[in-house]
Amino acid sequence: MLGVLGAAAYVVLAGPVGSVALSGIPYSAVGVFCVVATVVGIRRHRPQHAAAWWWIAASHGVWTAADTTYYVLAAVGDTTFPTAADALYVLGYVPLVVGVALLVRRRQPHGQRGALVDGAVVATGLGLLGWVLFVGPVVASRGDDPLGHLTGGTYLGADVVLVALAAHLVASSVRMTPSAWLALVAIALLLVGDSTYVWGSVLPDWAFTALGLGWLLSNVAWSAAALHPSMADLSDRDAPAASGMTPRRTGVLLVAVLLAPATLAVMQVLDLEADYAVAAASAVMSVLVVIRLGIALRAAAASLLAREEMRRALEHQATHDALTGLANRAASTAHLARALDAARDGRAHVAVLFVDLDGFKGVNDAHGHRAGDDVLREVAQRLTSAVRDGDVAGRLGGDEFVVVLTDVRDVDDVLAVAQRVVEEVAEPIVADGHLVTVGASVGAAVSDGGSEPLAGPSALLHEADTAAYRAKARGRGRVELYDHALRAAEAERVDLEAELRASWPVSGLHLDLFPVVPPPPAAPWPAPVALDARVRWRRTGGLDVGPGALTAASERAGRTGDLGRWALDEALRQRAAAGPSAPVVWVPLPAAHVAARHVVGDVAEAVGLHGTAPSGLAVRSCGPSALATPAAREHLGALRSTGVGVVLEGLTAQDTGLGDLRSLPATALLLHAADLPDEALLALFVRSARSLGLEVVLDGAPREELLATARALGLPVVQPSAELAAGQAAGLAAGLRPPAPR
């Protein structure tokens, strides 16, 4: 608003009043205001890159000094072009060009070569137009005035550079902000004023007044651009900017390129004398277009290369494990499928190594997941170095790895590579600053080279996995080959599950009751404190399936509830047959049955059916599995509240702390004799458990060095032997009484 008021005052003083000297007062005042307004805009909006605006403010300051000088000279009557003020006007262009160039550079910080060529194309076209319309005629009319020609040409040249920068600003902007539009208006007003100013004395007084008003309003537009909040976006490197040959950029360049032929056509139509500037501009334009085409082609090639690299990176991410860099499960399976297809008609075979780490969970628990990640990365490198050229190592997930071996001639090659893997992995590893050791249980499977389903990738992986499971069961840190014996056992397992799944109950189920006796035995057949029930299955042909295998098969076949209900019914039936003095019986229930919502009802139904007191029954289940689910914990607690005992097996004295003991929903713990700790820890564990109301029972006779400690602690022992089983059956028939409560 102050700029508009100053412009009005200038027009009145320069027009109707007719005083050039007085008109300079509002003119210079507006110039000072523009400098102040630009500084206020910088301080108020605090753009991220304010250097461009400080340069523009400096140009206003120089031009305000030039305006003041001009009107002082006009007051004394010395306005012959060029004046001393013109030197300041020319000097003021320098910070303005620098400021606008910085604005353009901030809008497109990369790809400056193409931007410079684009600007040169626009500048050449505008320079030709300015020469033909203004500079050429003025030079011809003024005759020999080198200083005047140089000054006028400098004005026009600076304006051409500014317009070229403005054109590039428009072409590279995704969205034109109010501040950008005001800057373009300021440059346009400056261009019109400078282009006509070189006519000098041939212009009437009113025309000079209009020119002065245009320059004044150009300064006001610049200060308004600085005051608008969008000025921060105009100089922000992070603001969205168009890149490449956008339609707007292409349009600007097309107009600039067509200026030369259009100028020549107009001169021909008007029958004007040909100007060598048209030919020179056309030649320069042709060179610039060729250079720009080369830059565009190189940019396109670089874009295609970057796109191809991105495609490869995405493909690598999709097929490789992010942590280890090895092939992931999908890629490993696909590679195995291709290898099997390639070897199907040849004499070579394909082998798979299933690598399962031993002790990895302990590293995670003791040192954290960062150490675990370091272990996985190091194992991946060792697998890569241990296998042969052409073989592929992959990570299936967690601590499981796979190695695909191609061009296998015999089993010895496979076992040699597998043994190298075991030895490499067993070497100590520095993980997150800790020296740790893990092992590897490796299962190997070799294709038969035929077309049977077992030769497929999924089946081969399953065979290797099964062999790795056997390696763990046989002591870990070893290699097991999926051979004919294991294949036969696998087929037997599949057949067993199919039979369980097909019908229930199956024939041949037996429930044996083994005595839980206090050491040392006081008689050949001591009175048992409890009877441990164990289910086995004698299948057709005389093959026995033990309790562990039967429970695992029932879980895979979905028969855990059926097996648990059968065990409850059969155990309580045998106990009822022995009379009311029979000891408490422990009935095995799979962890999946304990987690089922109907387990409490199943136990209550069996107790009611056989007329057994709840205290005469205890359910026995695998502790780690049963405690893993909140539902199982809740059900065990509900059973305890009804008076039924709860025996948890599979827990160890080493891994079960006092806090864990407090929260166990159990009445007794069954410790496997093979997992017992040293004497001191065993004694501490037993005393802690008993202080919390938990009895501790040993499954099997303890080691010789722990026998005295177990007897001193009075630990009952399950004696699962055929001789004792026969003896306890005879004892039940004779109506043995359990010992008095402790």
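The secondary structure of the protein chain comes to 27 helices and 16 strands, and you are looking at a predicted model. Of the 742 residues in the protein chain, 46% are buried. If we take the contacts between residues at least 6 apart in sequence, 73% of them join residues at least 24 apart. Let's walk through two regions, beginning with a sheet.

Five of the strands are worth finding on your screen: 5 strands form an open sheet in the order E2-E3-E1-E6-E7, with mixed pairing. At its edges are strand E2 (392–397) and strand E7 (479–481), each of which pairs on one side only. On average, and ignoring direction, neighbouring strands of this sheet are turned by 20° against each other. As a reminder, strands of a sheet pair through backbone hydrogen bonds, either parallel or antiparallel.

Now follow E2 into its partner. E2 and strand E3 (residues 400–408) are antiparallel and pair over 5 bridges. One pair to look for is Arg 395, which stands opposite Phe 401 in E3. The hairpin of E2 and E3 has 2 residues between the strands, and in this hairpin Gly 398 takes a positive phi near 60°.

Which residues does Leu 353 touch, once those up to four places away in sequence are set aside? Leu 353 sits in strand E1, and its partners include Phe 401, Val 402, Val 403 and Leu 405, together with Val 414, Val 417 and Ala 418, and also Val 442, Gly 443 and Ala 444. Leu 353 counts as buried because its relative accessibility is 0%. Ala 444 is 91 residues away from Leu 353 along the chain, yet their C-alpha atoms are separated by 4.6 Å.

Next, look at the helices beside this sheet. Helix H15 (residues 411–425) lies across strand E1 (349–358), E3, strand E6 (439–446) and E7, and H15 runs at about 165° to E6. H15 also meets helix H14 (residues 369–386): their axes come within 9 Å and cross at roughly 145°. The crossing of H14 past H15 is right-handed. On the H14 side, the contact is made by Val 379, Arg 382, Leu 383 and Ala 386, while H15 contributes Val 417, Arg 420, Val 421, Glu 424 and Val 425.

Our second stop is helix H21 (residues 599–610). With 12 residues at 1.5 Å a residue, H21 should span 16 Å, and its end C-alpha atoms are 17 Å apart, which agrees. Where do the buried residues of H21 fall when seen down its axis? The residues concerned are Val 599, Asp 602, Val 603, Ala 606 and Val 607. They fall within an arc of 130°, so they line one face of the helix. On the other side of H21, the exposed residues are Glu 605, Gly 608 and Leu 609.

The buried residues of H21 have several packing partners: helix H19 (560–578), helix H20 (591–595), strand E12 (617–622) and helix H23 (630–641). Finally, step just past the end of the helix, where H21 is followed by Gly 611, a residue whose phi is positive, near 65°.

Key
Residues are numbered from 1 along each chain as its sequence is written. This is a predicted model: local features need pLDDT of at least 70, side-chain atom pairs count only at pLDDT 80 or more; totals for chains, interfaces and linings use all residues. Side-chain values use heavy atoms; hydrogens and water are left out. Helices (H or I, at least four residues) and strands (E, at least two) are DSSP runs, numbered from the N terminus. The expected span of a helix is 1.5 Å times one less than its number of residues. Buried means under 20% relative accessible area, exposed over 50%, partly exposed in between (1.4 Å probe, protein chains only). The arc is that of the directions from the helix axis to the C-beta atoms. Contact means heavy atoms within 4.5 Å. Two strands pair if DSSP finds at least two bridges between them. Axes are lines fitted to C-alpha atoms, for helices over the stretch in contact, and angles run from 0 to 180 degrees between N-to-C directions. A crossing is left-handed if the near helix is turned anticlockwise from the far one by less than a right angle, and right-handed if clockwise.
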